[in-house]
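I opened a fresh page for this one and wrote down what I looked up, step by step. Come along if the structure is new to you too.

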Amino acid sequence: MAKARRSEAPPFGNGSVPDDPVLRELADVEARYLERLSGWEQERAELERTRNRLTELRTENERLTESIGTVEARLREEREAAERHQRRAEQLAECLKEIHRALFEGDVYELILRTCLSITGATRGVYVTWRRERETPRVRAAVGVSGYPESPPSEFLRALCRKVLDENRTLVCNQEGDLGDLPEPERDTERFRNCVVAPVVLLRNFDGIVIAADKRDGEFDDEDIEAVLAVGDQAAVAVQNLHLERQLQHAYISTVTMLADAVEAKDPYTHGHCEMASRYARLVAERLGLSDYDRSVVCYAALLHDVGKIGVSDGVLNKPGPLLPEERELMRAHVRVGYELLNHVPALHSIADVVLHHHEWYDGSGYPDGLKGDEIPMAARIVAAVDAYCAMVTRRSYKEAYSVEHAQAELKRCAGSQFDPRVVETLLAVLTDPNSEDQDEDWDAECGVLPGFTHVKELQETL
């Protein structure tokens, strides 16, 4: 018997559709599965790409975070440095004001030292001056180092300073071995934990060495060196400026003295008159409580009140008898001549105004402008009374000297008409005070600083 042949179904996925419904269903399921499998593969690939991208982003984020942290740290350091610089600048500015004040008091060394200590954070220090041509170091100021400035510098300090001067550089010592080649300190207070030693050149013939030691926090760095050098530079400027100011003031005072001498050379009867008037005027201004500036104006105006007589002929100036009306007008012109002479000198502008008005009368009947009462500058009112008194008690070509009693009586009689009553009262008090007498043999009125230079002295109050 013949064997029955088994029918073979076509395999799935061959593209043919089986006749068997079951197989057909299976083929559909297989097709859907393969389609979904393909989608899953795509999703898996996309997921992998996303995962890789996330990893890249995470790495980039970490890098950016680290970079931001670095930038923030740098910004924080720069901000702290800026704040530190600002604090140092403020400290330096304030300390330099003190240095300028000290220039008038002679204690500049200690203030320079304290300034260096303050802006570097050092707690102790020494200021040593060393005039190289004489090789004689001297301690000028010390803070926290015993025995100074009374004692000469120890061998340790001398060697420390010589090292800086010989090498011409700033020395920074933050480690114990940095000073190993120097002599052993003689005092315990000279054993510095750390220090910065810097040359401070104030003037060409003057070398100073600042030693700032035992910094409060941390070690000395480049900023500390720059700060110490900056103090020296600024102090040098302050000293040099003061030196130049004094030279200029001396030149002006020499001019003033020359003008006063010229008046006396022209009118021998006025010898000593201007100095006497200037001294009394200064004392009256002091008793009236005038400012330093106004006292200076009064004193120098009294010294130069007759400078315009340079323009008056000798015949009129030294005439033994009464003046003719025309001669009187020529004599009166001396106030305008004096004004024009002094007004050309910047430092004497305020003095020129007083010279112009020192012959105004309190009741308005004076010259050249007929000013009255408080219209007349106080300095001119003082000079007017003092000038009249000094003229009365000295001999002139047209009269003999009055007695002191007669002159004082004339002041009282003319108070309220020719003179300011308050000025007369004060002048009489000065004249009757034994302490008002000249205490030395010269005729110097001791006017002090010229009005144009009072700002030098006033730095002590205004800085």
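**A first pair, then the rest**

I began at arginine 191, which counts as partly exposed because its relative accessibility is 41%. Its side chain meets that of aspartate 188 in a salt bridge, with 3.5 Å from N to O. I looked up the partner as well: aspartate 188 is exposed, at a relative accessible area of 62%. A general note for my margin: side chains of opposite charge can pair when their charged atoms come close.

**Stepping back**

I should say early on that this is a predicted model. I looked up the overall make-up next and found 14 helices and five strands in the chain. The chain has 463 residues, and buried residues make up 41% of them. For the accessible surface I noted about 26,100 Å², with 51% of that belonging to carbon and sulfur atoms. I also checked how far along the chain the contacts reach. Of the contacts with a separation of 6 or more, 63% are between residues 24 or more positions apart.

**Salt bridges along helix α1**

How many salt bridges does the structure hold? I found 18. I picked out two in helix α1, which spans residues 21–102.

Glutamate 46 and arginine 49 were my next stop, and their side chains meet in a salt bridge of 2.2 Å, N to O. The two sit three residues apart in helix α1, about one turn of the helix. Glutamate 46 is partly exposed, at 40% relative accessibility. Arginine 49 is partly exposed too, with a relative accessible area of 48%.

Then I looked at glutamate 48, which forms a salt bridge with arginine 51; their closest N and O atoms are 2.6 Å apart. Here again both residues lie in helix α1, three residues apart, about one turn of the helix. I wrote down 36% relative accessible area for glutamate 48, which is partly exposed. For arginine 51 I wrote 42%, so this residue is partly exposed.

I added one further group to the page: Lys163, Glu167 and Arg169 are linked in a network of salt bridges.

**Patches on the surface**

Which residues form a negative surface patch? I found Glu77, Glu78, Glu80 and Glu83. I followed up on glutamate 80, whose place is in helix α1. With a relative accessible area of 41%, glutamate 80 is partly exposed.

I also looked up a nonpolar patch on the surface, formed by Tyr33, Leu34 and Trp40. Together these residues have about 330 Å² of accessible area. Tryptophan 40 has its place in helix α1. I noted that tryptophan 40 counts as partly exposed because its relative accessibility is 43%.

**Going inside: valine 228**

Is valine 228 buried or exposed? I found it buried: its relative accessibility is 2%, and the cut-off for buried is under 20%. Valine 228 lies in helix α4, residues 222–266. Leaving out residues up to four places away in sequence, I listed what valine 228 touches: Cys116, Thr120, Ala198 and Val210. I also looked up the spacing to leucine 117, which is 111 residues away along the chain from valine 228. The C-alpha atoms of valine 228 and leucine 117 are separated by 8.6 Å.

**An enclosed helix**

Why is helix α10 largely enclosed by the rest of the structure? I found that seven of the nine residues of this helix (residues 349–357) are buried, so α10 is largely enclosed. The buried residues of α10 are Ser350, Ile351, Ala352, Val354, Val355, Leu356 and His357. I then asked what they pack against, and wrote down α6 (292–304), α9 (334–343) and α11.

**A buried arginine in α11**

That brought me to helix α11, residues 378–392, where arginine 381 has its place. Arginine 381 counts as buried, because its relative accessibility is 10%. Not counting residues up to four places away in sequence, arginine 381 touches Tyr362, Gly373, Asp374, Ile376, Asp420 and Val423. I closed the page on arginine 381, buried in helix α11.

Conventions:
Residues numbered from 1 in each chain as written. Predicted model: local features only at pLDDT ≥ 70, side-chain atom pairs only at ≥ 80, totals over all residues. Heavy atoms only, no water. Patch = residues over 30% accessible without salt bridge, like charges linked within 9 Å, V, L, I, M, F, W, Y side chains within 5 Å. Areas by Shrake-Rupley, 256 points an atom, 1.4 Å probe, with all protein chains shown as cover. Salt bridge = Lys/Arg side-chain N within 4 Å of Asp/Glu carboxyl O. Lys, Arg positive; Asp, Glu negative; His and termini not counted. Charge placed at Lys NZ, Arg CZ, Asp CG, Glu CD. Helix = DSSP H or I, 4+ residues; strand = E, 2+ residues; numbered from the N terminus. Buried < 20%, exposed > 50% of the residue type's maximum accessible area, 1.4 Å probe, protein only. Contact = heavy atoms within 4.5 Å.
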